[in-house]
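Thanks for coming, everyone. Let me put the structure on the screen, and then we will go through it piece by piece.

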Amino acid sequence: MSAPTVRAKFFVADVKHPETPGSDPYAMITMMPVFGTYGDGKDNESWSKYTPSGKIEMSITNPGAIDAFEKGKAYFIDFTPAE
């Protein structure tokens with residue numbers, strides 16, 4: 001039997017680029033769950049009913065990964081057990 005996957009839909013609430021002279025690129029990404037009708041006008045009420053609150057914060061130093069996140073844009077996040 002395969003492990004279940006849980007899919008969540010979060011949007012980027014904030015992208016901070018703290019300045020530290022002489023260090024590698026760095027960003028703090030904050031994500032919050034999507035609620036009701038968000039962003040593209042699609043109805044998210046059925047999804048948000050089951051994930052009414054939450055917060056994901058990531059410190060990222062990979063420039064390519066930093067560029068992959070856009071403030072205000074929604075992303076699906078899949079949770080699967082690490083075996």
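**Rings, sheet and core**

A search of the whole structure turns up 1 aromatic pair. The partners are Phe 69 and Tyr 75. Their ring centres are 5.4 Å apart, and the planes meet at 55°, so the pair counts as tilted rather than edge-to-face, which would need over 60. Keep in mind that this is a predicted model.

How exposed or buried are the two partners? Phe 69 has 21% relative accessibility and counts as partly exposed. Tyr 75 has 18% and counts as buried. The cut-off for buried is under 20%, so the two residues fall on opposite sides of it.

One more ring before we move on. Arg 7 lies over the face of Phe 76, at 4.4 Å from the ring centre.

Now the sheet. It is open, it has 4 strands, and the order is S3-S2-S1-S4. The pairing is antiparallel. Which strands stand at the edges? They are S3 and S4. Each has a single partner strand, so one side of each has no neighbour in the sheet. On average, neighbouring strands are turned by 40° against each other, direction ignored.

Let me take the pairings one at a time. S1 and S4 are antiparallel, over 6 bridges. S1 and S2 are also joined by 6 bridges, again antiparallel. S2 and S3 run antiparallel too, with 5 bridges between them.

Phe 10 is a good residue for following the register. In S4, Phe 10 stands opposite Tyr 75. That is the Tyr 75 of the aromatic pair. In S2, the bridge partner of Phe 10 is Pro 33.

Next, the core. The largest nonpolar core has 12 residues. Among them are Phe 10, Val 12, Ile 29, Met 31, Ile 56 and Tyr 75. Which strands supply at least two residues each? S1, S2, S3, which spans 56–60, and S4, which spans 74–79. The largest share, 4 residues, comes from S1. As general background, nonpolar side chains in soluble globular proteins tend to be buried together.

Ile 56 is a core member worth a stop. Leaving aside neighbours within four places in sequence, what does Ile 56 contact? Phe 10, Ile 29, Thr 30, Met 31 and Ile 77. Of those contacts, Phe 10, Ile 29, Met 31 and Ile 77 are also listed in the core.

That leaves Thr 30. Thr 30 sits in S2, residues 27–33. Is Thr 30 buried or exposed? Thr 30 is buried, because its relative accessibility is 12%. Its bridge partner in S3 is Glu 57. Its contacts, again without neighbours within four places in sequence, come in two runs of numbers. One is Phe 11, Val 12, Ala 13 and Asp 14. The other is Lys 55, Ile 56 and Glu 57.

Last stop, the loop between S1, residues 6–16, and S2. Ser 23 lies there. Its relative accessible area is 40%, so Ser 23 counts as partly exposed. How far apart are Ser 23 and Thr 61 in space? They are 9.7 Å apart, C-alpha to C-alpha, with their places 38 residues apart in sequence counted as separation.

To recap. We have an open antiparallel sheet in the order S3-S2-S1-S4, a nonpolar core of 12 residues, and 1 aromatic pair.

Key:
Residues numbered from 1 in each chain as written. Predicted model: local features only at pLDDT ≥ 70, side-chain atom pairs only at ≥ 80, totals over all residues. Heavy atoms only, no water. Buried < 20%, exposed > 50% of the residue type's maximum accessible area, 1.4 Å probe, protein only. Contact = heavy atoms within 4.5 Å. Core = buried A, V, L, I, M, F, W, Y, C linked by side-chain atoms within 4.5 Å. Pairing = 2+ DSSP bridges. Axes fitted to C-alpha atoms, helices over the stretch in contact; angles between N-to-C directions. Phe/Tyr/Trp six-rings, centres within 6.5 Å; stacked < 30°, edge-to-face > 60°. Lys NZ or Arg CZ within 6 Å of the ring centre and 35° of its normal.
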